[in-house]
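Trainee: Could you take me through the reading of a helix in its surroundings, step by step?
Mentor: Gladly; let us look at the model together and begin with burial.

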Amino acid sequence: MELAAKRFADTVALYPTGRIDHATADSFKAALAPYLAVVAAGRDRAVIDLAGVEYISSVGLRVLMLASKQVKAQGGALAVADLQPVVREIFEISRFNLVLEVFPTLREALAKLSPAALAAFEAA
Amino acid sequence: MRVRFWGTRGSIPVAMTSAEVQRKLVAALVAAAGRGLDTAGKARAFVENELEFSVSHTFGGNSSCVQLETDGPDHVLCDLGSGARAFGNSLLATRGPSGHRFHVFMSHLHWDHIMGFPFFMPAYLPGNHVTIYGCHDTLEEAFRRQNRAPSFPVDFSRMDARIEFVRLEPERNYDIAGLRVRAKRQHHGGDSYGYRIEQRGKVVVYSTDSEHKQDDPEEVAAFVEFFRDADLVIFDAQYSLADAISVKEDWGHSSNVVGVEMCQLARARRLCLYHHEPIFDDERIARLLAETRRLEEITRTDHRVEVWAAYDGLELAL
């Protein structure tokens with residue numbers, strides 16, 4: 001499991017790749033931590049782009065749940081975007097689509113979270 | 001071995017409402033329009049073969065009680081929820097009033113798992129023998145307490161069957177009624193215990209009222225071993241995964257998603273969703289089953305897990 005990051009103005013887009021399961025969830029959680037730590041009201045926002053994730057298990061979903069709780073507690077905003085069809089079905093069956101903000105594309109997530117980030121994305 | 005479900009609902013028994021019955025009738029009549037169902041035989045065949053399960057059946061509303069029909073003469077049950085009443089009455093009607101030997105494995109002593117015993121008619125009849133097994137030190141007290149004033153008009157002492165209570169230790173094998181039985185402690189308020197029950201190479205795991213902490217690798221591995229190669233895992237799937245690890249975390253129940261993952265890891269043959277959420281109607285449970293089968297399909301590697309949703313009256317041959 002790899003995690004790349006790209007900044008669009010006040011929003012960081014995070015790009016995990018591979019499977020997020022019992023074997024990789026801990027490293028996913030650790031990789032997210034420094035980015036989540038600075039997400040707060042009036043500061044950074046975060047979008048996790050899941051286009052490169054082919055499978056996510058319950059323990060991986062739990063990492064996303066904890067990330068969302070942490071960011072909310074810090075007054076920030078977190079969304080996920082660009083789910084592969086299998087991952088989108090897993091979100092729907094687990095009802096994670098009801099507890100996390102899920103967008104069809106990274107662009108739509110940025111449009112909702114931050115006009116400045118959207119402008120930076122469009123200019124890139 | 002044959003497994004028969006007498007009570008499958010979680011937390012509290014429920015009954016279909018008139019509105020739900022009417023909805024089923026309307027759906028059935030619309031589906032039957034123009035089919036020329038002018039005899040009872042044609043209508044029955046249509047209901048049995050063509051209507052969706054959630055229209056032609058109900059998942060039912062009795063609380064936890066599962067019968068394991070073994071090779072031996074004794075009756076084996078898991079839990080004594082309200083489904084035990086239906087089991088007892090059926091047995092008396094078909095096999096007579098006395099001479100029965102019962103072995104009951106208790107997951108825990110919450111009300112919905114013991115409430116059928118005051119209405120378990122074989123326990124009032126001399127010549128029957130009931131042994132109730134469990135791992136809680138309050139096993140006997142819980143049953144005696146609910147069978148006395150002010151909770152119930154008939155005192156426990158009026159039960160004329162021979163009734164005994166046997167404490168089991170978890171993680172230890174027992175040979176009972178021709179079965180190899182092992183209990184395992186589970187996460188639930190006041191603890192609950194799952195049972196791995198084996199006979200002649202067939203394995204049933206009864207694991208209800210159990211929350212699985214998926215972020216604890218040791219615990220996951222221990223439960224995977226407990227479920228290992230089971231022919232049937234009866235699994236508490238009361239909540240969605242999202243609920244189970246957020247607003248209902250530490251409420252002591254699990255989800256269909258975790259059930260699929262655990263059975264895949266354990267290479268179990270069948271997963272049976274159990275302890276259904278009492279607010280779910282038949283359409284909702286049928287949808288949950290369809291979604292769970294789909295999840296198993298899209299996440300399958302080299303091992304297929306057959307997925308069922310328990311209903312009152314379901315029989316599975318192993």
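Trainee: Which residues of helix 9 of chain B are buried?
Mentor: Bearing in mind that this is a predicted model, burial is judged by counting neighbours, and a residue is called buried if 20 or more other C-beta atoms lie within 10 Å of its own. In helix 9 of chain B the buried residues are B:Asn256, B:Val257, B:Val258, B:Gly259, B:Val260, B:Glu261, B:Met262, B:Cys263, B:Gln264 and B:Ala266. Because 10 of the 11 residues of this helix are buried, helix 9 of chain B is largely enclosed by the rest of the structure.

Trainee: What follows helix 9 of chain B?
Mentor: The residue after the helix is B:Arg267, which has a positive phi, near 55 degrees.

Trainee: At what angle do the axes of helix 9 and helix 10 of chain B cross?
Mentor: The axes of helix 9 (residues 256-266) and helix 10 (residues 282-299) of chain B come within 10 Å and cross at roughly 40 degrees, which means that helix 9 of chain B is oblique to helix 10 of chain B. The crossing of these two helices of chain B is right-handed.

Trainee: Which residues make that contact?
Mentor: Helix 9 of chain B contributes B:Asn256, B:Val257, B:Val260 and B:Gln264, while helix 10 of chain B contributes B:Leu288, B:Thr292, B:Leu295, B:Glu296 and B:Thr299. By character, the residues of this contact comprise 4 nonpolar, 4 polar and 1 charged.

Trainee: How should I read the sheet, and what is the order of its strands?
Mentor: For a sheet, one reads the strand order and then looks for the edges. Here an open sheet of 7 strands in chain B has the order 7-8-9-10-11-12-13, with mixed pairing. Strand 7 (173-176) and strand 13 (306-309) of chain B each have a single partner strand and stand at the edges, so one side of each is left without a neighbour in the sheet. Direction ignored, neighbouring strands of this sheet are turned against each other by 20 degrees on average. Strand 7 of chain B runs antiparallel to strand 8 (residues 179-186) of chain B, and 4 bridges join the two.

Trainee: Where do the two helices lie on this sheet?
Mentor: Helix 9 of chain B packs on the sheet, touching strand 11 (232-236) and strand 12 (270-274) of chain B, and its direction makes about 160 degrees with that of strand 12 of chain B. Helix 10 of chain B lies across strand 12 and strand 13 of chain B, and runs at about 170 degrees to strand 13 of chain B.

Notes:
Residues numbered from 1 in each chain as written. Chains lettered and ligands numbered in written order. Predicted model: local features only at pLDDT ≥ 70, side-chain atom pairs only at ≥ 80, totals over all residues. Axes fitted to C-alpha atoms, helices over the stretch in contact; angles between N-to-C directions. Parallel < 35°, antiparallel > 145°, perpendicular 65-115°, else oblique. Left-handed = near helix turned anticlockwise from the far one by under 90°. Contact = placed C-beta atoms within 7 Å. Nonpolar A, V, L, I, M, F, W, Y, C, P; charged D, E, K, R; others polar. Buried ≥ 20, exposed ≤ 12 C-beta atoms within 10 Å, placed from the backbone. Pairing = 2+ DSSP bridges.
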